[in-house]
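The report below describes how the domains of one protein chain meet, and then turns to a strand pairing.

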Amino acid sequence: MTETRHILVLGASYAGLGSAHYFLKHVYPQLPSDPKISYKAILVDPSSKWYQRHASPRAAASPELVPADQVFLDIEPGFKQYGEVFCFVQGKASSWDPEGRKVVVQRADGAEQTIAYHALILATGTKTYSPLFSLQGTAHTDIQAALRTLHGQLTTAKSIVIAGGGATGVEVAGELGETLNGAAGWFARRPSSIETEITLITNSSTLLPGLRPDIATQAETYLNRVGVEVRYSTKVSSTHELPDGRTKIVLHDNEQVEVDIYIPTMGAIPMSEYVPDHLKDEKGYVKQNNQTLRVDAAGPRVYAIGDVGTYSNNRIVDIFNSVPVMETNLQRDLLAAHTDVNARPVGQDRLYVGSKSEDLIMIPIGQSKGVGVVYGWKVPSWFVWLIKGRDYMVPKGKANIDGSNWAKEMPWKVKEL
Ligand SMILES: Cc1cc2nc3c(=O)[nH]c(=O)nc-3n(C[C@H](O)[C@H](O)[C@H](O)COP(=O)(O)OP(=O)(O)OC[C@H]3O[C@@H](n4cnc5c(N)ncnc54)[C@H](O)[C@@H]3O)c2cc1C
């Protein structure tokens with residue numbers, strides 16, 4: 001009888017999709033052909049569609065600019081190319097038993113399924129406080145409902161507060177500003193008429209902490225250009241939904257502001273509820289070896305990839321750089337354990353080298369401007385528009401789904417010590 005060994009991937013976004021495709025394209029073909037042992041990749045996600053989260057600021061501003069059928073993409077068809085070696089389970093991992101090497105999944109059809117694994121890849125990411133900007137560990141229809149509500153509110157809104165001066169807050173403010181207020185003309189600093197008062201509140205003394213001050217100043221100029229005002233060193237203490245659907249915001253100094261729409265963009269929450277506490281840090285990120293990407297305390301052949309792991313700076317670029325590293329170590333582990341499941345690989349592991357905040361970041365601000373840095377070099381606004389702002393890279397998103405992002409193996413050569 002053939003033993004089927006499951007390579008179980010939890011989460012089907014940038015990290016989980018990349019891990020599954022890379023495994024099927026480059027690792028699986030190099031595993032021994034053995035009549036007694038076969039391997040199968042199982043990908044689990046509560047959503048049948050992947051949300052192009054990087055485009056969510058524009059999707060929030062207008063369904064015309066980013067239509068739903070372009071920003072939500074079906075997961076399963078991209079994996080048809082692999083046949084029986086792959087299986088997608090629409091469901092949510094609800095608990096994980098590292099000793100028993102199994103995960104319990106609450107399937108979308110209501111059934112509970114326990115999946116035993118030979119190797120486990122945790123790629124369940126982070127969620128944003130607002131359901132507009134990420135999957136929440138539920139179906140994509142929840143985001144679509146939140147987007148519909150916002151789009152309805154935008155037709156009459158006269159005041160909007162966005163909280164958070166990071167990249168998401170700046171992008172969302174820029175998109176809403178240009179959509180609702182238009183842009184300033186030549187030599188003007190602000191649009192000729194403001195339809196909707198938009199305020200970006202940050203508790204910091206600068207926008208985009210982590211980037212250099214001149215970039216932050218440029219970002220504010222571009223926000224002003226689309227009718228967005230920035231309020232610094234101001235913290236939101238609490239918010240209360242009013243009976244008429246508006247929001248009362250209480251600030252750190254007890255000042256109260258009532259607005260038509262309130263959008264929080266600060267922070268992210270790891271989606272790791274199913275992970276036992278001893279495997280998480282105090283914020284809920286999965287503790288791992290930040291170089292090999294293994295979760296050593298969870299037993300052999302367990303890895304964390306993408307936002308959910310401690311190695312990540314919560315950026316897609318970290319995922320693109322780390323998937324080949326994790327997969328090399330997975331392949332080494334699988335080959336070593338093929339005949340003896342307790343055997344570990346000998347020799348060097350492939351190691352991940354972390355990224356810096358100024359390695360690569362592009363922040364569109366409205367539909368024609370933006371700020372960015374590429375490997376420490378500040379790039380001009382037109383460059384940010386060309387690479388990201390003109391279409392928010394939505395057409396390129398398909399490459400995550402069909403695996404063409406990972407068509408080429410990124411090989412590794414063991415360095416002589
Ligand atoms: C508005 C916004 C714009 C961004 N723009 C950029 C950008 O331009 N460039 C950049 O580098 N980064 C950007 N980021 C960051 C980037 O989106 C994240 O780094 C990336 O989404 C992380 O991918 P991931 O696969 O690790 O997890 P996520 O994208 O968070 O996806 C996690 C997946 O796991 C699933 N899941 C959750 N819980 C479970 C469970 N229990 N069982 C099974 N599945 C589960 C979810 O449904 C989801 O599909 C942006 C973030 C935001 C919020």
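Domain bounds are taken here from an automatic or database domain assignment. On that basis the protein chain divides into domain 1 (3-128 + 268-355) and domain 2 (143-265), and the centres of the two domains, taken over C-alpha atoms, are separated by 35 Å. The model is predicted, so that local features need pLDDT of at least 70 and side-chain atom pairs count only at pLDDT 80 or more, while totals for chains, interfaces and linings use all residues. Residues are numbered from 1 along each chain as its sequence is written, and side-chain values use heavy atoms, with hydrogens and water left out.

The boundary between the domains is summarised in the table, where contact means heavy atoms within 4.5 Å, and buried area is the accessible area (1.4 Å probe) that two parts lose on being put together, summed over both.

| Quantity for domain 1 and domain 2 | Value |
|---|---|
| Residues of domain 1 in contact | 12 residues |
| Residues of domain 2 in contact | 11 residues |
| Area buried between them | about 990 Å² |
| Share of that area on carbon and sulfur atoms | 68% |

On the side of domain 1, P57, A60 and A61 lose the most area to domain 2, together 47% of what that side buries.

One salt bridge (a side-chain nitrogen of Lys or Arg within 4 Å of a carboxyl oxygen of Asp or Glu) is counted between domain 1 and domain 2. The side chains of R58 and E175 meet in a salt bridge, at 2.8 Å from N to O. Helix 2 (residues 56-61) supplies five residues, the largest share of the side of domain 1 that touches domain 2; helices (H or I, at least four residues) and strands (E, at least two) are DSSP runs, numbered from the N terminus.

Strand 13 (residues 236-241) and strand 14 (residues 247-251) run antiparallel and are joined by five bridges, where pairing requires that DSSP finds at least two bridges between two strands. V236 stands opposite L251 in strand 14.
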